[in-house]
Amino acid sequence: MDPPPPRASSSSRSTGGNGVENLLAARRSVMASLDKSRAVAAALGQAGPRLEEIQQRLPSVEAAVRPICAPEEALAAAGGHIDRAVGPAAAVLKVFDAVHGLEPSLLSDPSKEDLAGYLSVLKRLEEALRFLSENCGLAIQWLEDIVEYLEENSVADRRYLLALKASLLSLSESKDPLDGGLLGAALERLEAEFRRLLAAAETIVPPSSAVEKTHPILERLSANGRLENCIKIFVEVRASNIQASLNALDLQYLEISPAEFNDVQSIEGHISQWGKHLEFAVKHLFEAEYRLCSDIFEQCGPPEVWTGCFAEIAKRAGILAFLQFGRTVADSKKDPIKLLKLLDIFASLNKLRLDFNRLFGCKPCEEIQKATRDLIKKVVDGACEIFWELLVQVELQREMPPPADGNVPRLVSFMTDYCNRLLGEEYRTILTQVLTIHRSWKKHKFLERHLTEAVLDIIRALEQNLQVWSKAYEDATLSHVFLMNTHWHLYKHLKCTKVGELLGEAWLREHDQCKEFYAASYLKETWAKLPGMLSREGLILFSGGRATARDLVKKRLRAFNGAFDEMHRRQSGWVIPDKDLREKICHLTVQAIVPVYRSYMQNYGPLVEQDASAGKYAKYTAQSLEDLLGSLFQLRPVRSTSLNPRHTNGNLSGVVAATQYKFAPTVA
């Protein structure tokens with residue numbers, strides 16, 4: 001409460017009273033003004049946020065009011081523009097919603113779902129994406145047109161128009177797939193299912209049910225530009241399948257190089273297997289893949305599509321490795337056995353000629369075709385070169401020394417068997433075909449008689465070699481053994497053969513007679529001389545006395561023993577390789593000597609048996625002589641470096657590498 005005012009006089013009190021009242025009135029006025037100011041300040045404080053809200057709402061109010069300010073014609077036309085733009089945009093958005101609705105089905109595993117249903121959903125997605133790709137651009141363009149119209153006629157706020165234009169520009173320039181990658185994910189699942197169907201089969205070729213399932217999958221993948229992916233998957237899976245089948249055959253020998261073997265004989269077994277393995281690969285594996293490629297990809301484009309797929313599978317699976325092995329054999333050192341192996345290779349290729357032409361005759365298989373042609377040329381050239389050099393090589397051996405033991409020269413035993421094989425059922429037709437092809441390349445004609453004449457020339461050259469070699473022996477008796485062996489070998493090994501048939505019966509009979517002649521000559525000049533040493537002349541008892549008879553017996557036994565020992569020693573290293581002939585000669589030798597010796601010893605042996613030195617004269621019994629004679633001419637173990645053809649299952653197995661032609665440096 002304010003303090004009371006001071007008291008005053010009456011006059012002054014009246015005057016002073018008016019002043020106080022004025023002051024009080026002023027005071028009350030000031031107080032009222034302050035109260036009003038406070039009220040106004042409070043009201044202003046409460047109005048601040050509302051003003052800010054009004055300020056924020058002013059642009060939208062301005063935008064809402066702007067059309068009122070726009071020309072009447074612009075406002076009237078804006079509705080139609082907007083309706084035309086919003087309609088397509090709404091349709092596009094509806095399709096987008098449908099695409100998102102397909103996502104759960106398409107992201108599932110096709111192998112665990114109904115494949116037909118999955119493909120149906122995928123087709124719906126493709127149709128939706130096709131619609132979007134055709135209409136999204138149009139919808140955006142129409143929206144851009146209406147924005148441009150609104151901007152030109154100031155019908156809408158510029159800031160909103162700028163934001164809208166930025167959004168439309170972002171949509172038109174976006175590289176993201178319209179489905180957010182859903183189609184790509186679905187196609188990748190289909191590719192995985194395609195791979196599974198090709199690889200899941202336990203057989204060489206997938207079952208027909210699996211093949212049928214691949215067709216609609218391939219159709220959809222191809223329609224979406226993924227044919228190349230399908231081909232890559234197919235090639236990878238199928239080539240791997242063939243490789244697994246071939247690996248079970250143990251084909252490591254295909255990687256062998258010429259430097260890894262000394263001669264063709266060392267890989268003879270591989271060459272035999274090569275033909276069987278190649279036939280299996282072509283007739284079973286590649287044939288099946290050829291049909292499968294056609295079944296699956298024939299409807300996917302021109303023939304080059306599926307034939308190219310097959311060509312790639314064949315190359316990856318190893319057909320070129322088969323052909324390279326044949327070339328490796330063809331590039332190896334020349335020898336007669338190689339000729340037979342080249343003929344084997346040609347026979348295998350010729351047997352598969354129609355299959356090769358059908359399977360690998362397409363343009364994508366040009367590399368395989370070239371490799372095959374090169375191999376055939378190598379084989380034909382190599383075989384003909386060896387064949388036409390055979391005669392020359394036989395003649396060159398004429399200067400070599402004959403076998404020291406009178407045995408049949410390895411060249412003779414090898415070439416007789418070899419010529420029989422060339423003209424036998426196994427090789428004659430093939431060799432004729434090879435020689436015919438080779439001559440045709442040179443525009444020359446080949447007649448079958450050219451082959452037989454060439455082989456007969458080789459046999460005749462061998463005969464000439466025998467005559468030259470027989471004269472090289474210093475011991476005429478050994479020469480007889482040599483000629484007996486060789487004439488018998490020619491007769492025995494060419495009789496009842498194609499070569500023998502061509503040579504004729506008279507030729508064979510002549511060699512048989514020569515064998516008999518030289519056998520008789522051998523016996524006459526050797527063992528047949530010994531019985532004459534056991535003469536009975538002068539041994540009639542009492543004609544000259546018992547002592548004289550004993551001396552004659554001793555002398556004759558001593559001469560017989562010396563001659564027998566010398567002859568046996570000299571001939572103990574000689575050989576008669578044919579068992580029948582050896583037994584026959586030994587038997588004739590025994591018959592020529594043993595009966596005479598037995599009779600002689602029975603009659604005159606007692607004259608010396610009681611002598612202190614009886615062992616010097618009665619050195620042999622009849623049985624021991626027979627045993628010694630029966631042990632003659634036995635075959636000795638063959639050296640590992642021989643040119644000896646071992647007749648096991650009809651295969652020639654050994655030829656020594658001494659010259660480039662693999663004949664031995666000696667005919668021994």
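1. **Surface patch on α1.** A residue counts as buried under 20% relative accessible area, as exposed over 50%, and as partly exposed in between. This is a predicted model, and that scale is applied to it here. L34 has 39% relative accessibility, so L34 is partly exposed. The residue sits in helix α1, which covers residues 10–69. L34 joins V30 and M31 in a nonpolar patch on the surface. Together the three offer about 250 Å² of accessible area. A general point helps when viewing this stretch: an α-helix has 3.6 residues a turn, so residues three or four places apart point the same way.

2. **Helix α8.** This helix runs over residues 268–297 and holds 30 residues. From first C-alpha to last it reaches 41 Å, close to the 44 Å expected at 1.5 Å a residue. Where does α8 bend? The bend is at F286, and it amounts to about 35°.

3. **Helix α13.** Residues 366–396 make up this helix, 31 residues in total. At 1.5 Å a residue it should span 45 Å; the end C-alpha atoms lie 44 Å apart, so the two values agree. There is nevertheless a kink of about 40°, centred on L390.

4. **Y290 and F310.** The structure has 19 aromatic pairs. One of them joins Y290 and F310, edge-to-face, with 5.2 Å between centres and 85° between planes. The two residues come from distant parts of the chain: Y290 belongs to helix α8 and F310 to helix α9 (residues 303–317), 20 residues apart. Are they buried or exposed? Y290 has a relative accessible area of 18%, so Y290 is buried. F310 is at 0%, so F310 is buried as well.

5. **F310 and F360.** F310 has a second ring partner to look at. The centres of F310 and F360 are 5.7 Å apart and the planes meet at 20°, so this pair is stacked. F310 lies in helix α9, while F360 lies in the loop between α12 (353–359) and α13; the pair therefore ties together parts 50 residues apart in sequence. Both residues are buried. Ring pairs also build a wider cluster of F286, Y290, W306, F310, F356 and F360. F286, a member of that cluster, is also where α8 bends.

6. **Salt bridges.** The structure holds 31 of them. E426 pairs with R421, with 3.6 Å between the closest N and O atoms. E426 has a relative accessible area of 48%, so E426 is partly exposed. R421, at 13%, is therefore buried. E516 and K515 also meet in a salt bridge, at 2.5 Å from N to O. E516 is partly exposed because its relative accessibility is 34%. K515 is buried, because its relative accessible area is 5%. Salt bridges with shared partners join K283, E287, R291, D355 and R358 into one network.

7. **D578 and K492.** This salt bridge has its closest N and O atoms 2.6 Å apart. Why does the pair tie together parts that are 86 residues apart in sequence? D578 lies in the loop between α20 (546–571) and α21 (579–609), and K492 lies in helix α17. D578 has a relative accessible area of 15%, so D578 is buried. K492 is at 37%, so K492 is partly exposed.

8. **Positive phi values.** Most residues other than glycine have a negative phi. C496 has a phi near 65°, a positive value in a residue other than glycine. C496 sits in the loop between α17 (476–494) and α18 (498–503). With 77% relative accessibility, C496 counts as exposed. F633 also has a positive phi, near 65°. F633 falls in the segment after α23 (622–630). Its relative accessible area is 1%, so F633 is buried.

9. **V211 and D295.** V211 belongs to helix α6 (residues 208–223). Its relative accessible area is 12%, so V211 is buried. How far apart are the C-alpha atoms of V211 and D295? They are separated by 8.1 Å, with the two positions 84 residues apart along the chain.

Terms used
Residues are numbered from 1 along each chain as its sequence is written. This is a predicted model: local features need pLDDT of at least 70, side-chain atom pairs count only at pLDDT 80 or more; totals for chains, interfaces and linings use all residues. Side-chain values use heavy atoms; hydrogens and water are left out. Helices (H or I, at least four residues) and strands (E, at least two) are DSSP runs, numbered from the N terminus. The expected span of a helix is 1.5 Å times one less than its number of residues. The bend at a residue is the angle between axes fitted to the seven residues ending there and the seven starting there. Patches are made of residues with over 30% relative accessible area and no salt bridge: like charges are joined within 9 Å, nonpolar side chains (Val, Leu, Ile, Met, Phe, Trp, Tyr) within 5 Å. Accessible areas come from the Shrake-Rupley method with a 1.4 Å probe; for residues, only the protein chains shown count as cover. A salt bridge is a side-chain nitrogen of Lys or Arg within 4 Å of a carboxyl oxygen of Asp or Glu. Buried means under 20% relative accessible area, exposed over 50%, partly exposed in between (1.4 Å probe, protein chains only). Rings of Phe, Tyr and Trp (its six-membered ring) pair if their centres lie within 6.5 Å; planes under 30 degrees apart count as stacked, over 60 as edge-to-face and the rest as tilted.
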